[in-house]
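Here is a brief report on one protein model. It deals with cores, pockets, cavities and a few single residues.

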Amino acid sequence: MKPHLLNVSTNSVDSFSARRDIMPDINNRWHYHSALELIYVKKGRGTQFIGDSIKNFKDGDVVLLGSNLPHYWRFDPEFFDETAGEPVDVYAIHFKEDFLGKDFLDLPENQEIKKVLLQSRQGIQLQGTSKERIAGLMPQIIEATGTMRIIKMLEVLTEIANCEEKNILVSLGFKPNFLENEKDRIQSIYNYTISNYKNKIELKEIAAVAKISPNSFCKFFKTKSRKTYTQFLNEIRVGQACKLLIENDLTVKEICYDCGFYNFTSFHKYFREITGKTPLKYQQAFSKQ
């Protein structure tokens, strides 16, 4: 279940990396790196996997990831259509905790920044007005040079530290397992599940994808992800249902069957367990925004 180790390149000119990506395959594998990552999805939708968290991502999302936290952004199929594909626009900043010096975070004035960077080891989804300010600052960082680039980065870190609306993404007990001989297995499981969630996926079928026996698969997946494969599959299906409910083009019953649920009662049960709302209440909450 090992993510790929990604070496984030820096150079002698810059103390941290900042870039803009316009291709949907830039983060399309399960990976990790020693640098922290701040990502702003200006344009794009899909499913994000961070540690043991599975969520939809959408236009405007801002997420901070701590060092060595495995992650994977899978864009929806429409972004890969070569003839009529939707555009992708993503800003990403990679930085080390000590990029401003080993003692910088120990200064009394920087304790809130230090605290939130430690918290980022669980992944932080930023919300509210702070999210909007950070989204506005990230393109400026890419364009800035010299000392102004560092000043803008400090503005971003200050906004993150002062953000009052944020969601912690990864459970406190999550510990990534980086066994070398398992490095591609989780990637294969994720890809197959997302491509086939509308169908009934048998245990024998997904175990074959992982190249282990069905009995071994159950233990493997539960040990590595802290959830059963059925829970994982239902999270994927409910995530897709959430998207369709927001788009409001299908009835709730149509969405139930389109997302791979074969029983309307089960759909309601799992949807409420995962989102805390019934499908109709979830849809109504978004229609009022």
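The text below goes from the nonpolar cores to the open and closed spaces, then to single residues. The model is predicted.

**Nonpolar cores**

In soluble globular proteins, nonpolar side chains tend to be buried together. Here the largest nonpolar core holds 28 residues. L38, I93, F95 and L117 have the most contacts inside this core. Several elements give two or more residues to the core. The strands among them are β4 (36-43), β7 (61-65), β9 (89-95) and β10 (124-126). The helices are α1 (111-119), α2 (128-143) and α3 (146-162). Another core, of 20 residues, lies apart from this one. Its members include I186, I194, A210 and F221.

What is L38 in contact with, leaving aside its neighbours within four places in sequence? The partners are V62, V63, L64, Y91, A92, I93, L126, I134, M138, V156 and I160.

**Pocket and cavities**

The largest pocket encloses about 790 Å³ of space. Its lining has 30 residues. K55, N56, F57, C242 and Y282 are the closest to the centre of the pocket. Which elements each supply at least two residues of this lining? They are β6 (53-57), α7 (229-247), α9 (264-275) and α10 (279-287). The largest share comes from α7, with nine residues.

Closed spaces come next. The whole structure has three cavities of 30 Å³ or more. The second largest has a volume of about 40 Å³. Its lining consists of F95, K96, E97, F99, L100, F104, L105, I113, L117 and L157. Two of these names, F95 and L117, appear in this lining and also among the residues with the most contacts inside the largest core.

**Cysteines**

A disulfide is a covalent bond between the sulfur atoms of two cysteines. How many disulfides are counted in this model? The count is zero. C256 is in no disulfide, and its nearest cysteine sulfur, that of C259, is 8.1 Å away. The cut-off for a disulfide is 2.5 Å between sulfur atoms, so this pair does not qualify. Is C256 buried or exposed? C256 is buried, at 0% relative accessible area. C218, in turn, is partly exposed at 42% relative accessibility.

**A histidine in a loop**

H33 sits in the loop between β3 (31-32) and β4. The residue counts as buried, because its relative accessibility is 2% and the limit for buried is under 20%. The H33 side chain makes a polar contact with the side chain of E37, at 2.9 Å.

**Positive phi**

Most residues other than glycine have a negative phi, and most peptide bonds are trans. N68 is not a glycine, yet its phi is positive, at about 65°. R226 is likewise a residue other than glycine, with a positive phi near 65°. N68 belongs to the loop between β7 and β8 (71-75). R226 is placed in the loop between α6 (214-225) and α7. N68 is partly exposed, and R226 also counts as partly exposed.

The table gathers relative accessibility for the single residues discussed above.

| Residue | Relative accessibility | Class |
|---|---|---|
| H33 | 2% | buried |
| N68 | 32% | partly exposed |
| C218 | 42% | partly exposed |
| R226 | 45% | partly exposed |
| C256 | 0% | buried |

Terms used. Residues numbered from 1 in each chain as written. Predicted model: local features only at pLDDT ≥ 70, side-chain atom pairs only at ≥ 80, totals over all residues. Heavy atoms only, no water. Core = buried A, V, L, I, M, F, W, Y, C linked by side-chain atoms within 4.5 Å. Buried < 20%, exposed > 50% of the residue type's maximum accessible area, 1.4 Å probe, protein only. Helix = DSSP H or I, 4+ residues; strand = E, 2+ residues; numbered from the N terminus. Contact = heavy atoms within 4.5 Å. Polar contact = N/O pair within 3.5 Å; in protein donor to acceptor, adjacent residues only side chain to side chain. 1 Å grid on protein atoms, 1.4 Å probe; cavity = no way out; pocket = protein on both sides within 12 Å on 5 of 7 lines; lining within 4 Å. Points joined across faces, edges and corners; volume = space filled by probe spheres on them.
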